[in-house]
Every structure is written in C-alpha cells, then in structure tokens.
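Please take the viewer through a series of selections, beginning with ring pairs, passing to charged side chains and ending at the contact between two chains. Each stop names what to select and then states what is found there.

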Amino acid sequence: MATLTNIPHQIELRTSEEPFPTAKTQRVKSTRTMWNWLEHLHPALLALIRVLLFVLPILVIVPLLIWWERRLLSWMQDRIGPNRVGPFGLLQTIADGVKLFLKEDITPAKVDRLVYFIAPALALFPAFAIGGTLPWGPSFGPLHLLTPIADVNIGILYVLAISSLGVYGVVLAGYASDNKYSLMGGLRSSAQLISYELAMGMSLACMVLATGSLRMTDMVSSQEQPLWGAVSFIQNWNLLTPFGVIAGLVFLICMVAETNRAPFDLPEAENELIAGYHTEYSSMKFAVFFMGEYASMFIFSGIFAAVFLGGYNILPIRWHYLAEVMPAMSGLWDFIDSINYWLAPIWFIGKMIAGISFYIWLRATLPRLRYDQLMALGWKSLLPLATTNFIVIALWLVTTSVFGVALGWVWAIGAFVVLGIIYRLTIGMKGVEDRLHNRVVTLEEPERRQVEVVEPPKAATS
Amino acid sequence: MINVAGIEITPELVAFGGLATVAALAAIGVVAFNNAVRSALCLVVNFFLLAVLYFTLNAELLGISQVIVYTGAIMVLFLFVIMLLNLGAPQILHEKWDFKRPAGIVLALVFAGLIAGQILPSLMSASRPVSNPALDAYGSPQAIGRTLFSTYVFPFEAVSILLLIGIVGSILLAKRRI
C-alpha cells in the first residue's frame, strides 16, 4: 500500500530553477552572447524596463481596444460604427478622450469627497497591477529577463489576490456618489465579484494541480510538454486536455463576470440603475473607470492565454521535436521555432486580442442576466463544476501514480460520473424546480396585471 | 552609504519606513474616523501595506494570503455589511466627558509601555540575517504545504472542521426552517 508520503512523480514538487528542461533551452543559450548587456544591467533598472514594457503597451492599446469594440460590435449588429475621425475611425477614441479631458468635472454637492476621489484610482490600480506576474514571453533564453515583472513562486495566487481588489473601486464609487442607484450598483458588484471569485479560484486551482506549480512561467512551460504525455509533436495546452477544457470554460465565464462585462454587467445596468456606480462621475474620472475596465479585460485575456492557451506559443506544435524527428527539414522547423520565440510578444498580444474579441462577441450575443440567474449560475453551476473538476483531477493524479495510466482514467471518469449524480440529486434538482417555478411566475404575471381605465375628466361646462 | 546617527540608510530601510508610517497612520485612521466606511477603508489600506511589508521580507505566500483573505474577502464583506446597514451616513458620536477617558489613556500608556519593554530590547539587538540557502525555501508554498500536510495535518483538519461548523451554524441561525 502506498502512503501519501512517497506517491508520485506527478505530484512531486518541482523546486529546481529549471523545472522543465527542454532541448530548446540548450540551443537558445548560444544566442545569449548578443543579449549579454541585459544581464549586466542593474536589477532595479531591469525591473523598471520590465514594468515599462508591460504598462506602456497597455496604455497605448486601450484606445485601440475601444475602437475595436465599437467597430466589431457595429459589424455584428449590422451598423457601420465610428468611421469619420482618421482612417477607419481609428482616431475616434482619441477625440473622445480629448472631449472627456476638456469637459467640466462636476462633483455632486453631497458626495463623500475623499472616497469619491479615491474610487476611480482604486478601480484603475488592480487593472494594471494584476499583470505583475503575467509572462508575455518565454521563460528561457534572453527574453526571460524581460518578461514577467516578478517571477514569484505564488504567481497565480497573486492574480487572484489582486483581482479580488477590483471590487473596491466599484463599491466605493457606488457608496460615495450618494445616489441610491449607484449604491445598488456597488452592492450588486460586490455580491457578484465575491460569488464568481470562488469558481475562478477553483478553476485556477485545477490548473495548479495539473501543473504542480504556482509559478506562472512554470504553468506556461508545462504546456510545452508532449500532449497528454503521449503525443510528442503537439504541446500540452491546457485547453486541449479534458480537465483543462472544463476549468477553462469556468474561468472564461468567471473572468467576464469579474470584469463586469456584458452578460454580467448588472452593476451598470442602464435600464435599471441608469449607469450604476458611475452615474455621478463625469469627465476624466468617468474615463478612468472605463480605462480600468478595458485594461483589466485585456489582462484577464492574457491570463487566460497564459494558463490555458499555451502562453506565447503561436501553435500547439513542438517544433524542436519535429526538427529532431525530421532532420532533413530541421532548418525549416528551427526557423519557425526561432520566429515563435523572438516574436513571442506579438503572438501573446494576438491571443489577448482574440480574448477581447470574445468579450465583444458575448456582448453582442447575450442579453443581460437577471440577478437571481447570475447568482444561480455562479453558485449552483460553476462552483460545483469547478469543485468536481478539482476533486477528479486530484483523484486522477493519485490513482495514475498508484495504479497506472489506464486505471487512473477509469477512476477519473468514475469519480466524475458519481459526483455528477450527486450534483443532480442535490443541487441540480433544486435548480430545475426553481427554473420551473420562475417560468410559471413570469407566464402568469401579465394576467395578474389589471388594466387601469382612466376616465377623461369631464369638462365643467357642458 | 548614508549614515544617520549610526544607522545605515539602506533602500530596504527607506521602503520599510515609508510603508510602516503609512500603515500606522491608516491604523490610527481606523479608530479616528467617525465614518464607518472610511474606517473600513483605512483598515483595507493597513492590511494591504502589511502584505507589502511581508513581500519585502520575502514571505510572498504570507503576504498574498493576507491580501486574499483579509483585503480581498473579509474587508469586502465588511464594506458590504456597512452599506447594507446604512451606517455610511456620517453619524457623529458625541461622547460625554467623564472619568473613563483619562483612566483609559493612562491604562493605554501603561499597556504600551509594558509591550514596548518586552519587544524593544529584542528589536534593538536584531540584526539582518545572513543569506542562508537553507532559509531560502522558508515560507515558500512548497515548504508550507509540506509542513501543513505532514506535521500539522491534524490541527489543519481540525481548523477546517471548525470553519465548517461556523458556516453551518450561521446558516442555521439565518434560516430557521430548511
């Protein structure tokens, strides 16, 4: 009988400097001489370069994202969209920014002034800080000196921690505005973020189990291993693994909820709350809220890309393995490999923009959720699904190392079925009942409403 | 290096000084503000800066737990409750002056002196630890996970059961009939 202390090579903690040594690592070292000057920089200067390389592109790209959202949305809705200012309307956002800068900054009389001024800054801070451990490039070779701002051993926890700070901006803005609709928006937002954070943390924890490390660069390099440990020429992107698909789906939904975006934008529901938490904000403070929203959308897409979509790699193909297997074409594969390496930021930004486009697609497609639907989705569907996935992964890791690969899969599928049945019998049934109940209520409602017949007032002289 | 009164001013010391000052000011703000939301906000700032202080000591996991648990979860719930109870409107409490205030000040000073007498001597003799490779893994997620699930597995599970009891109890209180 195996005890818990001497289980498995999969769960064994990877502690060394280079957890996933690859043939790549060796080859890229030869180009290092050209980049030697980077290694001789003062660490503080290098850190400054890393921060600037991360923050400046975001600042530049946010206006472009707003333009892209408006154009893509209008294309999806069969409109034209902004196309007057500059080529293809590209300068529209700049014009809007100038307008917002020059507008009068109105502060309502009865606001809590200190909190009212701090709130937009608090909304912007997590949006930029969350990318502190996000690697936009490879974790080996010369580029690794530039990529994650801090390659700490708690990378993914840092993301969770900072994203949980995002709620403060919205809540305090809602509170300080001294407007009941804003307050409602703030309350809704805090309830929503607390609910969806759990499922998000669970889905990320699944990937931590699968990877065996909390370090973001390890999560990327573990995705460069052979697919399922068997298919040598395809990379093991988490979205291609069975557990990763489930975790990725949960994370994708949660990240939309975390950024207060379209089907989950209850905190700013226009038809119920005017504009929710930023009703009372004007001019630049209003713009700061939007900037934070777009920046955090962008960076959450980046986190999705890093954790589930193989990081900076353009295609899930292990080029250097192909070069080893087919020596005749090794020149071609090496060339593609080096392009994949040196243009890493471009591929990564491409994946981020794909994520943003997904956000916009959702906004164009789905209507806003009702509040009870939002809570039911978070607590009754996503959280049980993510937890089930977590338990199954843990069981799979243990059984694989104890009984072997085939029996491991049998155990995993069996556990998934058993937990699914338990879910169906407990939470799932209740969900169905509630839904039926709600449907009856909404169907009956029009009948209950009495039509008031207002008599026209009779004229006094007739 | 700059020396001030025999103390070497290092970047770490400057960072610590700045963070600790703001954290202490925020801690005072928690009790000094009349407005409940501002007090809560000060507590958030204090917790966050404590986490940053942990980061400067290379205790990343401790710091991040501080942010996740206190700043990100507990304080958000606090704010949520404050807003729901509508304590936000500045309701200034007027306390009548009586003998309790000077007595409280005196007792607080005595208490502070007592604690300072215990802590300060060992702080004065503290020195910067020499970099030790065996200590580098100290406080890392791996080390903490191993200790938690081997040496301290019983207390760990006991605490989880305690938390579970807390959750069940609160549900029982809130929802009498289930």
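## Aromatic pairs

Over all chains, the structure holds 19 aromatic pairs. The model is a predicted one, which should be kept in mind at every stop.

Begin by selecting Phe251(A) and Phe308(A), whose rings form a tilted pair with 5.6 Å from centre to centre and 40° between the planes. Colour helix α9 (residues 242–258) of chain A, where Phe251(A) lies, and helix α11 (residues 283–308) of chain A, which holds Phe308(A); the pair therefore ties together parts 57 residues apart in sequence. Are these two residues buried or exposed? Both Phe251(A) and Phe308(A) are buried.

Next, select Trp396(A) and Trp409(A), a tilted aromatic pair at 5.2 Å centre to centre, with 50° between the planes. Trp396(A) belongs to helix α15 (residues 371–403) of chain A and Trp409(A) to helix α16 (residues 405–448) of chain A, so this pair ties together parts that are 13 residues apart in sequence. With the surface displayed, turn to Trp409(A): this residue is partly exposed, at a relative accessible area of 31%.

The last aromatic stop is a group. Select Tyr116(A), Phe117(A), Tyr281(A) and Phe289(A), which form one aromatic cluster.

## Salt bridges

Now display the charged side chains. Side chains of opposite charge can pair when their charged atoms come close. The count over all chains comes to six salt bridges.

Select Arg261(A) and Glu69(A), whose side chains meet in a salt bridge at 2.7 Å, N to O. Which parts of the chain does this pair link? Arg261(A) is in the loop between α9 and α10 (270–273) of chain A, while Glu69(A) is in helix α3 (residues 43–76) of chain A, 192 residues apart. The partners may be examined in turn: Arg261(A) counts as buried because its relative accessibility is 4%, and Glu69(A) is likewise buried, with a relative accessible area of 2%.

Staying on helix α3 of chain A, move to Arg70(A), which is linked to Asp96(A) in helix α4 (residues 92–102) of chain A, 26 residues apart. Their side chains meet in a salt bridge of 3.1 Å, N to O. Arg70(A) counts as partly exposed at 33% relative accessibility, and Asp96(A) is partly exposed too, with a relative accessible area of 25%.

Then select Arg368(A) and Asp265(A), which form a salt bridge with their closest N and O atoms 2.8 Å apart. Arg368(A) lies in the loop between α14 (344–365) and α15 of chain A, and Asp265(A) in the loop between α9 and α10 of chain A, so the pair ties together parts 103 residues apart in sequence. The two partners fall into separate accessibility classes: Arg368(A) is partly exposed at 26% relative accessibility, whereas Asp265(A) is buried, with a relative accessible area of 12%.

To finish with the charged residues, select Glu69(A), Arg261(A), Glu293(A) and Arg363(A) together; salt bridges that share partners join these residues into one network.

## A residue on helix α5

Select Ile118(A), which lies in helix α5 of chain A. Ile118(A) is partly exposed, with a relative accessible area of 30%. Draw a distance from its C-alpha atom to that of Ala176(A): the separation is 9.6 Å, although the two residues are 58 apart along the chain.

## The interface of chain A and chain B

Finally, show both chains. Here 30 residues of chain A are in contact with 26 residues of chain B. Together the two chains bury about 2,400 Å², of which 79% is on carbon and sulfur atoms. How many salt bridges does the rule find across this interface? It finds zero between chain A and chain B, and the count of residue pairs in polar contact, with both residues at pLDDT 80 or more, is one.

Which elements of chain A should be selected on the side that touches chain B? Those giving two or more residues are α5 (113–129), α6 (155–176) and α7 (180–211) of chain A. The largest share, 11 residues, comes from α6(A). Coloured by class, this side of chain A shows 22 nonpolar, four polar and four charged residues.

Conventions: Residues are numbered from 1 along each chain as its sequence is written. Chains are lettered from A and ligands numbered from 1 in the order in which they are written. This is a predicted model: local features need pLDDT of at least 70, side-chain atom pairs count only at pLDDT 80 or more; totals for chains, interfaces and linings use all residues. Side-chain values use heavy atoms; hydrogens and water are left out. Contact means heavy atoms within 4.5 Å. Buried area is the accessible area (1.4 Å probe) that two parts lose on being put together, summed over both. A salt bridge is a side-chain nitrogen of Lys or Arg within 4 Å of a carboxyl oxygen of Asp or Glu. A polar contact is a pair of N or O atoms within 3.5 Å; within protein, one must be able to donate a hydrogen and the other to accept it, and residues adjacent in sequence count only if both atoms are side-chain atoms. Helices (H or I, at least four residues) and strands (E, at least two) are DSSP runs, numbered from the N terminus. Ala, Val, Leu, Ile, Met, Phe, Trp, Tyr, Cys and Pro count as nonpolar, Asp, Glu, Lys and Arg as charged, and the others, Gly among them, as polar. Rings of Phe, Tyr and Trp (its six-membered ring) pair if their centres lie within 6.5 Å; planes under 30 degrees apart count as stacked, over 60 as edge-to-face and the rest as tilted. Buried means under 20% relative accessible area, exposed over 50%, partly exposed in between (1.4 Å probe, protein chains only).
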